[in-house]
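Here is a quick tour of one protein chain for someone who works at the bench. Have the sequence and the fold open while you read.

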Amino acid sequence: MSFRSSRRELVTAIGVAGCGGLAGCLSSIPGPNVDDGDGSGTDRTLKLGVMQPISGDLGSVGEPIRDAALLPIEQVDGEIDLEIDYEVVDTETSPTAGVQKAAQLVDAGYPMVNGPAASDVTLQATQQVLIPYRAVSCSPGATSPTITALNDAGLVFRTALSDSLQAVVLAEQAATDLGHETAATLYMNSDYGWQLSQSFTQAFRTAHDGTVSAQVPLNEGKDSYAAEIEEAMADDPGLLIVVGYPDTGAQLFTDLGDDLDDVDVLVTDGLRDGNLHEDVERPIDGIRGTAPLVGGPGEEFFTELYGDTYDAEPGIFTAHAYDSTAVLLLANAYAGQNDGTAIRNAMQTVTNEPGEVIEPDSLADGLELAAAGENVEYRGASSQLSFDENGDVMDATFEYWEFDRDADGGIAELDRVST
């Protein structure tokens, strides 16, 4: 058997000079092409776009997520007859760049996309480009509850868990583990931040009779968040909930300074980055957080494969990125054509009974079976990977963790919580 991979990694922006502005780009996009001959069997090409934040506020975690998204392709190299043509673009953790790069991929004929990762980028790229041009997307990191309700013609999937579930866990830890009755939130001024702040506030109030004294937005890229911290601390809450990304979090924790000795801080998945120890001017050991937990049947195999391939430990959303690529490739193989609608229709087929159970360690076999028209049932590294009618995964387990410079990767797991 042979494997022929075509890799084109694009990290430059389209820009005005390259496309005469975004409106002109979108108006000229013809949509994904079906170009696979008879549209069946193993003698064809699977086309995959990868949209991840290699730079910007999520750049430090975006590169490992991108690597994990490419890992299934590396894994089946030399094991299958199918050709895989893929292209990587950098969303820059920016909705504007995300829309531009989505247009770039659709214009190049890619009918399916691993990503984007950030919720705001996902919302804009899907609504402005991917949905109108019938391209399937499967995000490993977009967690906003807004995504569940998108009018998406069934084209938007995600292997990441919705923040409506994380908010329940966050409120539980705030009230029961940390013992607080009052809190304030500092959140990224984005849909991701706002929705998670709102969901936490509701869960904290209704389930624990807690009080949220302030919800304060954080605009990305500021040199100081002193004013926002002062607003959040005005009523002396016992707890600060911080919803953000590493670059913003590093500045915020630096600005908090000695106040970190007087108030508990609880953060969310976007700040689960052990490198923050090096980026904050004072120790952050003991700051706790929540994040979706990897717990699929293929977790051990994925962890070993990732370490052997990249000489690094998997990070946040890396297993989810692996699964996003795996299920997209299986759906494309089963669909027999590079057509978004056909791939969409196959996403449920390749993740549900009946079919040959396929896990990450048997992905190559699964692709060949799917390409031959056989039913397969993929079970992933991040979860069992069963999608509901909204394209959301239904398995919900979260990690309760804390920053610990002495722990592997700067992060120590405290507990595992199911909703």
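UniProt, in an unreviewed entry, puts the feature "domain: Leucine-binding protein" at residues 45-351. In this predicted model, the C-alpha atoms at the two ends of that span sit 21 Å apart. Helix makes up 45% of residues 45-351 and strand 18%.

How far can you trust the coordinates? The average pLDDT of the protein is 90, and 90% of the residues score at least 70. The weak spot to know about is residues 1-38, where pLDDT stays under 50. The model still gives that stretch 94 contacts beyond four places in sequence, but keep the low score in mind when you look at them.

Now for the overall build. The protein has 14 helices and 15 strands. Its radius of gyration is 21 Å, close to the 22 Å that the globule rule gives for 419 residues, so the protein is as compact as a globular protein of that length. Along the principal axes, the C-alpha atoms fill a box of roughly 65 × 45 × 40 Å.

Next, the empty space. Rolling a probe the size of a water molecule over the atoms shows where such space is left. The largest pocket holds about 860 Å³, and 30 residues line it. Nearest its centre are Arg-272, Glu-313, Pro-314, Gly-315 and Ile-316. Several elements each supply at least two lining residues: helix 3 (59-75), helix 11 (299-310), helix 12 (318-335) and strand 15 (411-418).

There is also one cavity of 30 Å³ or more, with about 120 Å³ of space in it. Of the 15 residues lining this cavity, Leu-58, Gly-141, Tyr-245, Gly-270 and Phe-317 are the closest to its centre.

Here is how the two linings divide by residue class.

| Space | Nonpolar | Polar | Charged |
|---|---|---|---|
| Lining of the largest pocket | 14 residues | eight residues | eight residues |
| Lining of the largest cavity | nine residues | four residues | two residues |

Finally, a few backbone oddities. Most residues other than glycine have a negative phi, and most peptide bonds are trans. Where does this chain depart from a trans peptide bond? One place is between Gly-115 and Pro-116, which are joined by a cis bond with omega about -15 degrees. Pro-116 belongs to the loop between strand 4 (112-114) and helix 5 (119-130). Another cis peptide bond links Glu-353 to Pro-354, with omega about -5 degrees. Pro-354 is in the loop that runs between helix 13 (340-349) and strand 12 (356-358).

And which residue has a positive phi although it is not a glycine? That would be Arg-134, at about 55 degrees. You'll find Arg-134 in the loop between helix 5 and strand 5 (136-139).

Conventions
Residues numbered from 1 in each chain as written. Predicted model: local features only at pLDDT ≥ 70, side-chain atom pairs only at ≥ 80, totals over all residues. Heavy atoms only, no water. UniProt positions renumbered as here; feature names shortened; annotations may be inferred. Helix = DSSP H or I, 4+ residues; strand = E, 2+ residues; numbered from the N terminus. pLDDT = per-residue confidence, 0-100. Contact = heavy atoms within 4.5 Å. 1 Å grid on protein atoms, 1.4 Å probe; cavity = no way out; pocket = protein on both sides within 12 Å on 5 of 7 lines; lining within 4 Å. Points joined across faces, edges and corners; volume = space filled by probe spheres on them. Nonpolar A, V, L, I, M, F, W, Y, C, P; charged D, E, K, R; others polar. Rg over C-alpha atoms; globule rule 2.2 N^0.38 Å.
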